[in-house]
Amino acid sequence: MAEAPWLSSEKQELVNLLLISHQQAFNYPLLACERRQPSQRLASQELFASRQPVLAHSDGHDPNLSYANAAALQLWGRCWAEMVGMPSRLTAPTSEQDARANALDKALQQDAIKDYQGIRINHEGRRFLIKNARIWTLWNQEGLRIGQAAAIGSWYWL
């Protein structure tokens, strides 16, 4: 039986960097299990199972999603294979993509932002408002920027 894609060694390393970068940006852990010093595999399982939607995308001009936990997949109505790898701008309706890009730029300049809100769109075209979201920069072990991540505090359908 093939292993779940979010448990690949590459994604476990990404989750590790995502958790470390969140701790550095906000001075508190993204997951409660981090206080127990879990293995990368356990942390990856806990982040994937978290009720809080969490996404990450690569660095670059038109970044692709590199991670989405189960809550994010459910919210956007997509499976892992559909969501991971797609341009992250497609998580927002066309009319909201400039505002989304401005928030991401602000988060890059400040390393992180809190209390972000914006309109997003799921796979079926249904709009929803995300609130109390945190956006932070992802750094690798060499201190190079590799992307950004977001954790959504709350959301509701429009």
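**Exercise 1.** To how many aromatic pairs does the count come?

*Solution.* The model is predicted: local features need pLDDT of at least 70, side-chain atom pairs count only at pLDDT 80 or more, and totals for chains, interfaces and linings use all residues. Residues are numbered from 1 along each chain as its sequence is written, and side-chain values use heavy atoms, with hydrogens and water left out. Rings of Phe, Tyr and Trp (its six-membered ring) pair if their centres lie within 6.5 Å; planes under 30 degrees apart count as stacked, over 60 as edge-to-face and the rest as tilted. By this rule the count comes to 10 aromatic pairs.

**Exercise 2.** Classify the pair of Trp76 and Phe128 and place both residues.

*Solution.* Step 1: the centres are 5.2 Å apart with 75° between the planes, an edge-to-face pair. Step 2: Trp76 lies in helix 3 and Phe128 in strand 4 (residues 127-139), so the pair ties together parts 52 residues apart in sequence. Helices (H or I, at least four residues) and strands (E, at least two) are DSSP runs, numbered from the N terminus. Step 3: Trp76 and Phe128 are buried; buried means under 20% relative accessible area, exposed over 50%, partly exposed in between (1.4 Å probe, protein chains only).

**Exercise 3.** Describe the surroundings of Trp157.

*Solution.* Step 1: the ring centres of Trp155 and Trp157 are 5.1 Å apart and the planes stand at 80°, so this pair is edge-to-face. Step 2: Trp157 counts as partly exposed at 31% relative accessibility. Step 3: the charged end of Arg126 sits over the ring of Trp157, 4.2 Å from its centre (NZ of Lys or CZ of Arg within 6 Å of the ring centre and within 35 degrees of the ring normal).
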